Amino acid sequence: MSTDIDKIDKIDRRILALLQADGRLSNLKLAEAVHLSPTAVLERVRRLTRDGYILGYEARLDPAKLGAGLMVFVEVLLDRTVQDVMDTFRASVQVRPEILECHLVAGGFDYLLKTRVADMAAYREFIGSVIWTLPGVRETRTYVVMEEVKNTAVIAV
């Protein structure tokens, strides 16, 4: 069975790995690292971006310094798992900056939210004024993160 990873070569994978490690790597340094000309590397990066392997670039920020030091995961069980309720829930989640990730999951609940707020008082306010007002929410379970052991978005290529 062919996958998208089969459509790129070893050099493309090396470019992706290097850009994951340092998204600010210059085209010249990238070219030196993969032993190609800067023009060839630039074309490869453009193709990888056009084909959707590279989704974008962003800076990693320190949440504690920006008033978002408390990470909380929230399991959400909807009252009904019908398309209109799920669509409305998903749309409502998109506009909340405290909600970093939202995943539809299989199991004993419907969605898993990854949230960040300043502290426990801010979370109590958030759960009451935001989470419980989201469309279709029947039940939630909260998991406060005591220690962030690993946090990465790096994908093995």
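Here is a short tour of a predicted model, one selection at a time.

**Stop 1: the sheet.** Start by selecting the strands. You will find an open sheet of 4 strands in the order S2-S3-S1-S4, paired antiparallel. At its edges are strand S2 (99-104) and strand S4 (137-144), each with pairing on one side only. If you look across the sheet, neighbouring strands are turned by 20° against each other on average, with direction ignored.

**Stop 2: a strand pair.** Next, keep strand S1 (residues 70-78) and strand S3 (residues 111-117) on display. These two run antiparallel and are joined by 7 bridges. For a landmark, pick Leu70, which stands opposite Val117 in S3.

**Stop 3: the helix on the sheet.** Now add helix H4 (residues 83-94), which packs on the sheet. Which strands does H4 touch? Its contacts take in S1, S2, S3 and S4, and the direction of H4 makes about 20° with that of S3.

**Stop 4: Gly128.** Move on to helix H5 (residues 120-129), where Gly128 has its place. Gly128 counts as partly exposed because its relative accessibility is 44%, between the 20% and 50% limits. Try a distance from here to Lys114: the two C-alpha atoms are separated by 16 Å, with these positions 14 residues apart along the chain.

**Stop 5: a nonpolar patch.** Finish on the surface by selecting Ile5, Ile155 and Val157, which make a nonpolar patch of about 250 Å². Ile5 lies in the segment before helix H1 (10-21). Is Ile5 buried, exposed or partly exposed? At 36% relative accessibility, Ile5 is classed as partly exposed.

Notes:
Residues numbered from 1 in each chain as written. Predicted model: local features only at pLDDT ≥ 70, side-chain atom pairs only at ≥ 80, totals over all residues. Heavy atoms only, no water. Patch = residues over 30% accessible without salt bridge, like charges linked within 9 Å, V, L, I, M, F, W, Y side chains within 5 Å. Areas by Shrake-Rupley, 256 points an atom, 1.4 Å probe, with all protein chains shown as cover. Salt bridge = Lys/Arg side-chain N within 4 Å of Asp/Glu carboxyl O. Buried < 20%, exposed > 50% of the residue type's maximum accessible area, 1.4 Å probe, protein only. Pairing = 2+ DSSP bridges. Axes fitted to C-alpha atoms, helices over the stretch in contact; angles between N-to-C directions. Contact = heavy atoms within 4.5 Å.
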